[in-house]
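Reader: I have just opened this protein and would like to go through it with you. Could you begin with a single residue and build up from there?

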Amino acid sequence: MAARAAADLAGRAEDVELAESVSMAMLLVLETLHPTERAVFVLREVFGLEYDEIGEAVGKTPATVRQIAHRARGHVAARRPRASVSAEQAGQALAAFQSAIETGDLQRLLDLLAPDVVLLTDGGGVVPAALAPVEGAATVAGLLSRIAGTARLRPAHVNGHPALLVDLDGEIDSVVAIRLDGGLISGLYAVRNPGKLSRIGHETVVSR
């Protein structure tokens, strides 16, 4: 069981099972970990396995696994949002984000994004999506600015997070959830996976 879980988690943090068991914010953090750190962290913190069991799964000694877990917990703690955001602040940030994308205002996007922002994309292996996290405000802003004039954006809340529904040709093409930290967008999770998008109508409350 441990070996199978480690094999899945180490190479596929975007797995449906993992995506549904942890928050969007945690997914963003997990993607910044080394695959072995990610596997150790999830097996320990999510599944509660002992260090010797994890060691067998990842091919490390229990002592090494303990060190990896300690390092991973420190990394995760450092990447957690440092302050809560009110519903009003979230709404204002989402509106500004939507406006910047719709107008293709690159400078405005840069002003809204944290310098170390991380963008994750989930295509489920069915539709095109980035295979690795996209990091850095300039790179992420450059990608987002390409949406201008090509799609309709609608504000929403997905799994408790402010988000934008991206409609293309009258259908939902993707959902972009955002994480706020210190007034800036520090993480984005863009879902294009058709299997997950099919549930959006049931799990999403569209902002008015």
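**From one residue to the whole chain**

Author: Let us begin with Ala 90, which is buried because its relative accessible area is 11%, under the 20% cut-off for that class. Please keep in mind that this is a predicted model.

Reader: Which helix is Ala 90 found in?

Author: Ala 90 is found in helix H7.

Reader: And what is Ala 90 in contact with, leaving aside its neighbours within four places in sequence?

Author: With those neighbours left aside, Ala 90 is in contact with Val 85, Pro 162 and Leu 180. Leu 180 is 90 residues away from Ala 90 in sequence, yet their C-alpha atoms are 7.5 Å apart in space.

Reader: Which other residues of H7 are buried?

Author: Besides Ala 90, the buried residues of H7 are Ala 93, Leu 94, Ala 96, Phe 97, Gln 98, Ala 100 and Ile 101.

Reader: Gln 98 caught my eye. Why does Gln 98 count as buried?

Author: Gln 98 counts as buried because its relative accessibility is 14%, and the cut-off is under 20%. Leaving aside neighbours within four places in sequence, Gln 98 is in contact with Leu 153, Pro 155 and Leu 164. The C-alpha atoms of Gln 98 and Ala 163 are separated by 9.4 Å, although the two residues are 65 residues apart along the chain.

Reader: What do the buried residues of H7 pack against?

Author: They pack against two helices, H8 (106-112) and H9 (137-144), and against strands S3, S4, S5 (171-181) and S6 (184-191).

Reader: How far apart are the end C-alpha atoms of H7, and what span should one expect?

Author: H7 covers residues 87-103, which is 17 residues, and at 1.5 Å a residue it should span 24 Å. Its end C-alpha atoms are 24 Å apart, so the two values agree. After H7 comes Gly 104, with a positive phi near 65°.

Reader: Moving on to the interior, how many residues does the largest nonpolar core have?

Author: The largest nonpolar core has 26 residues, and Phe 97, Leu 113, Val 140 and Leu 188 have the most contacts inside it. At least two residues each come from H7, H8, strand S1 (113-122), H9, S4, S5 and S6. H7 gives the most, with seven residues. Another core, of eleven residues, lies apart from this one, and Ala 156, Ala 163, Ala 177 and Tyr 189 are among its members.

Reader: What is Leu 113 in contact with, beyond its neighbours within four places in sequence?

Author: Beyond those neighbours, Leu 113 is in contact with Ala 137, Val 140, Ala 141, Leu 184, Ile 185 and Leu 188.

Reader: Is S1 mostly covered or mostly open?

Author: S1 is mostly covered, since seven of its ten residues are buried.

Reader: Which strands does S1 pair with?

Author: S1 pairs with S6 in the parallel sense over six bridges, and Asp 122 has Val 191 as its bridge partner in S6. Two bridges also join S1 to strand S2 (residues 134-135), and those two strands run antiparallel. There, Val 118 has Glu 135 of S2 as its bridge partner.

Reader: What about S3 and S4? Are they parallel or antiparallel?

Author: S3 (residues 152-158) and S4 (residues 161-168) run antiparallel and are joined by seven bridges. Val 158 stands opposite His 161 in S4. The hairpin of S3 and S4 has two residues between the strands, and Asn 159 takes a positive phi near 50°.

Reader: Where is the confidence of the model lowest and highest among the elements?

Author: Helix H2 (residues 16-21) has the lowest mean pLDDT, 40, and H8 has the highest, 94. Over residues 6-21, pLDDT stays under 50. For the protein, the mean pLDDT is 79, and 78% of the residues reach 70 or more.

Reader: Finally, how many helices and strands are there in the protein?

Author: The protein has eleven helices and seven strands. Of its 208 residues, 43% are buried. The protein exposes about 10,700 Å², of which carbon and sulfur atoms supply 52%. Among contacts between residues at least 6 apart in sequence, 59% join residues at least 24 apart.

Note on methods:
Residues numbered from 1 in each chain as written. Predicted model: local features only at pLDDT ≥ 70, side-chain atom pairs only at ≥ 80, totals over all residues. Heavy atoms only, no water. Pairing = 2+ DSSP bridges. Helix = DSSP H or I, 4+ residues; strand = E, 2+ residues; numbered from the N terminus. Expected span 1.5 Å × (residues − 1). Buried < 20%, exposed > 50% of the residue type's maximum accessible area, 1.4 Å probe, protein only. Contact = heavy atoms within 4.5 Å. pLDDT = per-residue confidence, 0-100. Core = buried A, V, L, I, M, F, W, Y, C linked by side-chain atoms within 4.5 Å. Areas by Shrake-Rupley, 256 points an atom, 1.4 Å probe, with all protein chains shown as cover.
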